[in-house]
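Hello,

I am passing a structure on to you, together with some notes on it. Please have a look at it first and then read on.

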Amino acid sequence: MEEILQQVRDGQLTVAEAKTQLATYEDLGFAKVDHHRKKRQGFPEIIYGEGKTTDQILSIMKAILAKKEDVFITRISKEKAETILQEYPELMYHELARILSYQHEPKKPRDGYISVICAGTSDLPVAEEAAVTAEALGSNVKRIYDVGVAGIHRLFDQIEDIQSATVSIVVAGMEGALPSVVGGLVSHPVLAVPTSIGYGANFGGLSALLTMLNSCASGISVVNIDNGFGGAYNAVLIDRMVNRSRY
């Protein structure tokens, strides 16, 4: 802000140009794009694609690109993504994760990694949403998939990689027991993500959510059902703090 005001004082910027740069958001009528999100939180505004039309997503995306910020769109269908890619082929669509993204420049490398642990193959869309989100926000990710409690030996085969992570995201449906198992084996935070995978009494993921909320293992935090993005965002914040403390 001081730099912008100095530029106005020195005649390098007009008052109108300064007002544009100092604006905290851009009003598109149907959406107010928060251009100061990155300054406050470290990441630009992320677009939730589900429920928005392709034209609405494009308008928000263009406003973000005009500020030379990264674009990250979650829960976007393949059909909408393909339409957008026709106009912006430089974007990348992660079909399993349902994420469309673009980075202006590579993220600076960090030490360590987040482990994304998935109970079963049916949970992969949520696990991949978490993994792709964490990578896009600058963290390294190690994927450890199909290691649910029904065959616990598969998890133990990966235990050294899991214990070496700075934080773990554990994705599970059915009874949702995997985060408790992992939580009892590691010394770092665990972000538990319940999925809606399961038979009728699973209640669309509610039973897994309640299991995770009632975990007897310490150090577990739980996000909403199928919210791989939310688990990843919090894991990245922890990962950033760990990296900051190393320097």
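Below are my notes, going from a pair of helices to single residues.

Before that, a word on the source: this is a predicted model, in which local features need pLDDT of at least 70 and side-chain atom pairs count only at pLDDT 80 or more, while totals for chains, interfaces and linings use all residues. Residues are numbered from 1 along each chain as its sequence is written, and side-chain values use heavy atoms, with hydrogens and water left out.

**Two helices that cross**

Helices (H or I, at least four residues) and strands (E, at least two) are DSSP runs, numbered from the N terminus. Helix H4 covers residues 54-66 and helix H5 covers residues 78-87; their axes come within 10 Å and cross at roughly 45 degrees. That makes H4 oblique to H5, since angles under 35 degrees count as roughly parallel, over 145 as roughly antiparallel, 65 to 115 as roughly perpendicular and the rest as oblique. The axes here are lines fitted to C-alpha atoms, for helices over the stretch in contact, and the angles run from 0 to 180 degrees between N-to-C directions.

The crossing of H4 and H5 is right-handed: the near helix is turned clockwise from the far one by less than a right angle, whereas anticlockwise would be left-handed.

Which residues meet there? From H4 they are Thr-54, Ile-57, Leu-58, Met-61 and Lys-62, and from H5 Lys-80, Thr-83, Ile-84 and Glu-87. The residues of this contact divide into four nonpolar, two polar and three charged. Here Ala, Val, Leu, Ile, Met, Phe, Trp, Tyr, Cys and Pro count as nonpolar, Asp, Glu, Lys and Arg as charged, and the others, Gly among them, as polar.

**Two glutamates and a tyrosine**

For the next residues, buried means under 20% relative accessible area, exposed over 50%, and partly exposed in between (1.4 Å probe, protein chains only). Contact means heavy atoms within 4.5 Å, and the contact lists leave aside neighbours within four places in sequence.

Glu-129 is found in helix H6 (residues 124-136), and counts as buried because its relative accessibility is 2%. Among its contacts are Thr-74, Arg-75, Ile-99 and Phe-229. Glu-45 is found in the loop between helix H3 (37-41) and strand S3 (47-48). With 18% relative accessibility, Glu-45 counts as buried, and its contacts are Lys-32, Val-33, Asp-34, Arg-37 and Ile-64.

Tyr-48 lies in strand S3 and counts as partly exposed, at 42%. Tyr-48 is in contact with Thr-74 and Arg-75. Its C-alpha atom and that of Ile-99 are separated by 9.5 Å, although the two residues are 51 apart along the chain.

**Positive phi and cysteines**

Lys-68 is not a glycine, yet has a positive phi of about 60 degrees. Lys-68 is placed in the loop between H4 and strand S4 (71-74), and counts as exposed at 65% relative accessibility. Arg-98 also has a positive phi, near 60 degrees. Arg-98 is in the loop between strand S5 (92-94) and strand S6 (99-102), and is partly exposed at 31%.

As for the cysteines, Cys-118 is buried at 0% relative accessibility, whereas Cys-216 is exposed at 78%. How many disulfides are there? The count comes to zero, a disulfide being a pair of cysteine sulfur atoms within 2.5 Å.

Best wishes
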